[in-house]
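Welcome! Here is a short tour for anyone meeting this structure for the first time. Please take a look at the sequence and the 3D view, then read on.

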Amino acid sequence: MKKIYIDYLFEKHLMVSEGEESKNPLETLFALANLFNIRIVKGDKLVRDYMIRIAADQLGENVPEPFYRGFPQSVRQLTSDQLLFDQMIHYITTYGLGNFSEAGHSLFEEQFERTAFKEGADIKEFTIVTKEEAEAILSESVNNLLAGTRPLSDEQYELVKTYIIDYGFNAEYIASKNTCVRLLMDTHILAIADYMVLSDVIRLVDEINYREYANTNLKKLNLKNQTRKFITQVINRMFETGRVDIRNCFEKKKLWNGLLHHIHYKAVSEEAQKFVDAMRGKVNDSVYSEFERHMTAKNIRAAIDTLKSGKGSAAVIRKLNYMISRCGSLEDLQYICSNIDTKNVIVLIQLLVEYSMRNGGSAPRRFAFTKYNMLKVHNETLEEQKKRKSMISEGQAAMLADYISENLKKVLKGRLGRVYIDPAMKNYALPIQENTSQGGFGVLTRGSRVKLPETKKLRAFTYWEKVNDIDLSAFGINDKGERREFSWRTMAGNQSQAITYSGDETSGYNGGSEYFDIDMDEFRRMYPDLQYIILCDNVYSGTSFANCICKAGYMTRDLNDSGEVYEPKTVKTSFVIDCNSTFAYLYGIDLRTNELIWLNMARNSNAAVAGTTDMSFLTDYFHVTDIINVYTFFEMMATELVTDISEAEVVVTDKAVECGENVQVIREYDTDKMIAIMNK
């Protein structure tokens, strides 16, 4: 079975049994437990020797030593002058003399001997399945992911694409236009176009233009003949299958005109000729043009009716702020609310979160959005603030949030039967926008919270190959959004019991690593004004993460150290960072509640230094579970909540449980199952 399938199943705490029976089954089970704290709870007779290699690949093996080999003790024994001098000599060797041949290490560090590992670590419970069972699980996961209306993460998309190529295209449905476009571009299976309409071709061209030609300007196309022929085939298939929506094409009329000219398009039917003439003519008959005419005339109701009849409820939602800011009466506002009748659960959840957090008023706004599966952030300028026309009050935002919440409950009511929900599921967020996320073991949805043990510290880590310099950084944020930097630039004078840094490794092409140790109690005492800590990774060398090998994650370690710097037993999560960017947010820490909060976002940035970018917007994600979480979501759908697992038809839990054959179990990492339920 391919590595991509093995990796995905491992994230679900599954390993696949293939090939000859193990010659040393007991020894293999012991090694999994001893090295990685993996306990096989089901399928132990299917164990195979190679599973040790799989676990090592996922959880880390032979991870490179950090700059300070005796981390963290030796770091705390050196003075700030020694720490600074150590790094300066290293910088001169690498960046001054250009010697990147081997990883650098401290000059002042005394020889250090580690005590044997003797910490207590959480057990990771796994199941071993047959190849046939694994293929059935993969098939279900792929169809669940394709049922989602939101774009997939790169890891999810690669899984879907590889599965379709290997097992043939037999998808039940493809709900996301983004996913559809990318699959069509990568596989050239024209049948995939049957889940699109003609107006989506511009989106296809945009994706091809960016991913294959590294160009983001659709007005300046320079496509090869092979690409032009492919786009022509797609357009012609739209006319053959009747998936033609000419009125929507008017919205991108100029782009269509340029594209048709660039590919030398010749109409193959009377309807196709009508389309070509419409795009080249002077009239713009788009729904949005008619909508704007009604808005200019201050006829809100006619504007809403035009949008809804022409493009559906989703279009009304996209223009919500614009219309509300121009409401002339409470009746108009109520009419708008009455037309937010979409049954798209993910859209309703996104709106609920947005309006529950919106403060309203004229304060500068911040826009966080995604493009090409990377996060973009724009802070409203003073000039933009002056010109702003769309503004809603806190009262309007609260009214919308209440209306959307009630609508969501109606849409979800009675979807499931008897449901058991573990109270711990209140800590987990729903997968409503995961397209910028990285994949790996222990990864949770953005905004999810994980309680950190009071008796342990957090050891954040990153390690890499095929690039010289990646930096792990931490930033403390106070209640005003102001921050304090803990990074290679500041840590020589900030090393302490509260936060310890392993040193800046700048010559790690053949293997480099960096760590932070954070003792939450000490950190709170030393920095009482800080509420959150945010960890991030960036490539100082300038290339993107996509061009190197990088993993990041965290361990929970005893306050009194034992064992190696990197102990796989203590790894809570280890995920691959492979985005086409130099910058990724990893996770945050809520110092008030002692919880880790998942961020896991690739930012569209070429920044070589983490401290140069705004981070205050990230705290918005820290409150998502206060508005809606996995518990409240399944609670809305349950016909009956039960307290006895044996009575449940659906069990939602983050713990290992024994259930009957026909009981559906949903764990905190089963994002594909949650996506499928949200899109029923």
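## A buried serine in a loop

Ser 496 is buried, with a relative accessible area of 10%. The model you are looking at is a predicted one. Buried here stands for a relative accessible area under 20%, so at 10% Ser 496 falls into that class.

Where does Ser 496 lie? You can find Ser 496 in the loop between strand S11 (483–486) and strand S12 (499–501). Leaving out residues up to four places away in sequence, Ser 496 touches Arg 76 and Met 526.

## A valine in helix H14

Next, have a look at Val 287, which belongs to helix H14 (residues 287–296). Is Val 287 buried or exposed? With a relative accessible area of 1%, Val 287 is buried.

Which residues surround Val 287 once its neighbours within four places in sequence are set aside? Val 287 is in contact with Arg 247, Thr 306, Leu 307, Gly 310 and Lys 311. Another residue to pick out is Cys 249: it is 38 residues from Val 287 along the chain, and the C-alpha atoms of the two are separated by 10.0 Å.

## Two helices that cross

Two packed helices are described by the angle between their axes and the distance between the axes. Let us try this on helix H12 (residues 253–262) and helix H13 (residues 270–280). Their axes come within 8 Å and cross at roughly 120°. H12 and H13 are therefore oblique to each other, and their crossing is left-handed.

Which residues meet where H12 and H13 come together? On the H12 side they are Lys 253, Trp 256, Asn 257, Leu 260 and His 261. On the H13 side you will find Phe 275, Val 276, Ala 278, Met 279 and Arg 280. Sorted by character, the residues of this contact divide into six nonpolar, two polar and two charged.

## Cysteines without a bridge

How many disulfides are there? With a disulfide taken as a pair of cysteine sulfur atoms within 2.5 Å, the count comes to zero. Cys 327 is one example of a cysteine in no disulfide: the nearest cysteine sulfur belongs to Cys 337 and is 8.2 Å away.

Cys 536 is in no disulfide either, and the nearest cysteine sulfur, that of Cys 579, is 12 Å away. Cys 536 is also buried, with a relative accessible area of 0%.

How values were computed: Residues numbered from 1 in each chain as written. Predicted model: local features only at pLDDT ≥ 70, side-chain atom pairs only at ≥ 80, totals over all residues. Heavy atoms only, no water. Buried < 20%, exposed > 50% of the residue type's maximum accessible area, 1.4 Å probe, protein only. Axes fitted to C-alpha atoms, helices over the stretch in contact; angles between N-to-C directions. Helix = DSSP H or I, 4+ residues; strand = E, 2+ residues; numbered from the N terminus. Parallel < 35°, antiparallel > 145°, perpendicular 65-115°, else oblique. Left-handed = near helix turned anticlockwise from the far one by under 90°. Contact = heavy atoms within 4.5 Å. Nonpolar A, V, L, I, M, F, W, Y, C, P; charged D, E, K, R; others polar.
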